[in-house]
Amino acid sequence: MKQDTKIVHGGRHPEQHFGAVNPPVYHVSTVTYPTIGALREGEKRPYDGLRYGRYGTPTSFALEEAVCALEGGYRSISTASGLAAITGTLTALLKSGDHVLMVDSVYFPTRRFCNEQLKRCGVETTFYDPLIGGGIAALIRPQTRVVFVEAPGSLTFEMQDIPAIAAAAHARGARVVMDNTWATPLFFSPFSKGVDVSIQAATKFIVGHSDAMLGVITCADEALWKEIKTSVAQSGVCAGAEEVYLGLRGLRTLGVRLRQHQESGMFLANWLKARPEVKRVLHPALPDDPGYDIWRRDFTGACGLFAVELTPCPASAVDAFLDGLRHFALGYSWGGFESLIIPTTGTILRTASPWETAGPTLRIHTGLEDPEDLVADLTAAFTRLAKVQL
Ligand SMILES: *Cc1c(COP(=O)(O)O)cnc(C)c1O
C-alpha cells in the first residue's frame, strides 16, 4: 500500500465496531474480567490488549497501528505530548553513567530536559554540530547509548546526514533516536535511513488543528518497543482518549494537508527570497540552501515551516512588521491549519556550533489560507517595517 492508502485504512477495523468508519472513543480506566482465569491470563501480557486505561485502549491501539504503518516501524506507543514521547524514550534508553549525543539545533525543551532532568539522573549530554555527519564517530564514547537527531532543526533549518550519523552510531552500539516532526513519516522514512526510534509531536501535523496535545513513539524492533513501552507505562504518562481520537481524525487528512502546506510554503519562501528586506530564507527545499543536497537525497517533501533572516533593521521595525498581521497569528507552535509567525532573534541557544545572523530572524508556519492572501499580509507588513526605518 502507498502512504495515502495507509492514511485512509490504518488502524480502522469497521468490522469490530458495527461497521462504523471511525473507531469509537473508548473512555476507560477500569477493565473488568469475567473470571479469575481471564484476569491471570491478562497479567502474562501486561501491555497487550485492554488491561487498564493507562496501558492503552482500542482507541490508542488504533492510532499506534496507523502511525506505525506510516513510519514503517515495528510498533508505536502513544504519549500525552510530543515532549513526553521524547523524554519517555530518553528515560527508557538511558541510565546513570550513560552518555547521550544531542544535536545542537534540537527543539529547546529537549535540550532543557537533558541539561536539567537527565543531568540529575547522572546522564551526561554532549551537544554536537548538526552538520557533523559521519564525524560524529569522534564523539562516541563507550558509554554513549543514544545519538539524538532532528532534521531540519525547527528554528535554524539545518539538515543532518542521518544515514552517516546512524552508521557511525551503530558501529559503536548506540541507538539513533529521531524527532521526525518536521517531515512527518510522509516526507521522511526514518527506519530506511538507519533510525531506531522515531518520534512524532503529533500535536503538530498529525492532529493538524491546534486543539490537542499528543505524541507517538515508533520503534524499529520488538526489543526496543518492549523497553520503551515498559518505561512509559511505568511512568504513568498516557495519552487522553479524546486526544488520541483527534490524532486519528487529523491523520486521515495528513496527506492532502501536507501537500498544500508544502506548496504554499514554497510559494511564500520564493516570494520572500525576492524581497529586498530579506537577506536569506532558511528552507532546505530551496536549491541554494546549504541543506538542499541532503534534503533532496533523503526526504520526499517539505512541510511549510521555515525561517527568514531579514536585512539588518531596528527591533522596532520588526515589531511593526509583526503587529497588524491579519492572517499570521503570533504563536509558538506549528502544524495546524492556520498560519503562524514568531520572532526568533536571540532565542536560539547553541553551545557546540555557532549560530549567528546579522539581521533579525522570523519563523513562519504556512497555513492553509490562500497564499495570495498571505502574500498580501506580508506585503503590508513590509510597508509598516519600512515606515519605522525612515
Ligand atoms: C512541538 C514540538 C515538540 C513537542 O511537542 P508537544 O506536543 O508540544 O509536547 C517536539 N519536537 C518538535 C520539533 C516540536 O516542534
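Guide: First, a term: a salt bridge is a side-chain nitrogen of Lys or Arg within 4 Å of a carboxyl oxygen of Asp or Glu. You're looking at a predicted model, where local features need pLDDT of at least 70 and side-chain atom pairs count only at pLDDT 80 or more, while totals for chains, interfaces and linings use all residues. Residues are numbered from 1 along each chain as its sequence is written, and side-chain values use heavy atoms, with hydrogens and water left out.

Visitor: OK, how far apart are the C-alpha centres of domain 1 and domain 2?
Guide: Domain bounds come from an automatic or database domain assignment. That assignment gives 3–251 for domain 1 and 255–389 for domain 2. From one C-alpha centre to the other, the distance is 28 Å.

Visitor: How many residues does each domain bring to the contact?
Guide: Contact means heavy atoms within 4.5 Å. By that rule, domain 1 brings 38 residues and domain 2 brings 37 residues.

Visitor: Which residues of domain 1 lose the most area to domain 2?
Guide: Buried area is the accessible area (1.4 Å probe) that two parts lose on being put together, summed over both. The two domains bury about 3,300 Å² between them, with 64% of it on carbon and sulfur atoms. On the domain 1 side, 25% of what is buried comes from three residues together: W182, F187 and F205.

Visitor: Which residue forms a salt bridge with R350?
Guide: Between the domains, the count is four salt bridges. For R350, the N to O distance is 3.2 Å, and the side chain it meets is that of D104.

Visitor: And which element gives the largest share of the side of domain 1 that touches domain 2?
Guide: There are 18 residue pairs in polar contact between the domains, both residues at pLDDT 80 or more (N or O atoms within 3.5 Å; within protein, one must be able to donate a hydrogen and the other to accept it, and residues adjacent in sequence count only if both atoms are side-chain atoms). Among the elements that each supply at least two residues to this side are helix 1, helix 5 (108–120) and strand 3 (124–128). The largest share, three residues, belongs to helix 7.

Visitor: Which strands stand at the edges of the sheet?
Guide: Strands (E, at least two residues) and helices (H or I, at least four) are DSSP runs, numbered from the N terminus; two strands pair if DSSP finds at least two bridges between them. The open sheet has five strands in the order 8-9-12-11-10, with mixed pairing. Two of them have a single partner strand each, so one side of each lacks a neighbour in the sheet: strand 8 (278–282) and strand 10.

Visitor: Which residue stands opposite P343 in strand 12?
Guide: Strand 11 (residues 340–343) runs parallel to strand 10, where L340 is the bridge partner of A329. With strand 12 (residues 361–365), strand 11 pairs in the antiparallel sense over four bridges. There, the residue opposite P343 is L362.

Visitor: Is Y107 buried, partly exposed or exposed?
Guide: Y107 sits in the loop between strand 2 (99–103) and helix 5, and touches residues including E150 and D179. Buried means under 20% relative accessible area, exposed over 50%, and partly exposed in between (1.4 Å probe, protein chains only). With a relative accessible area of 32%, Y107 is partly exposed.

Methods: Lists of a residue's contacts leave out its neighbours within four places in sequence.
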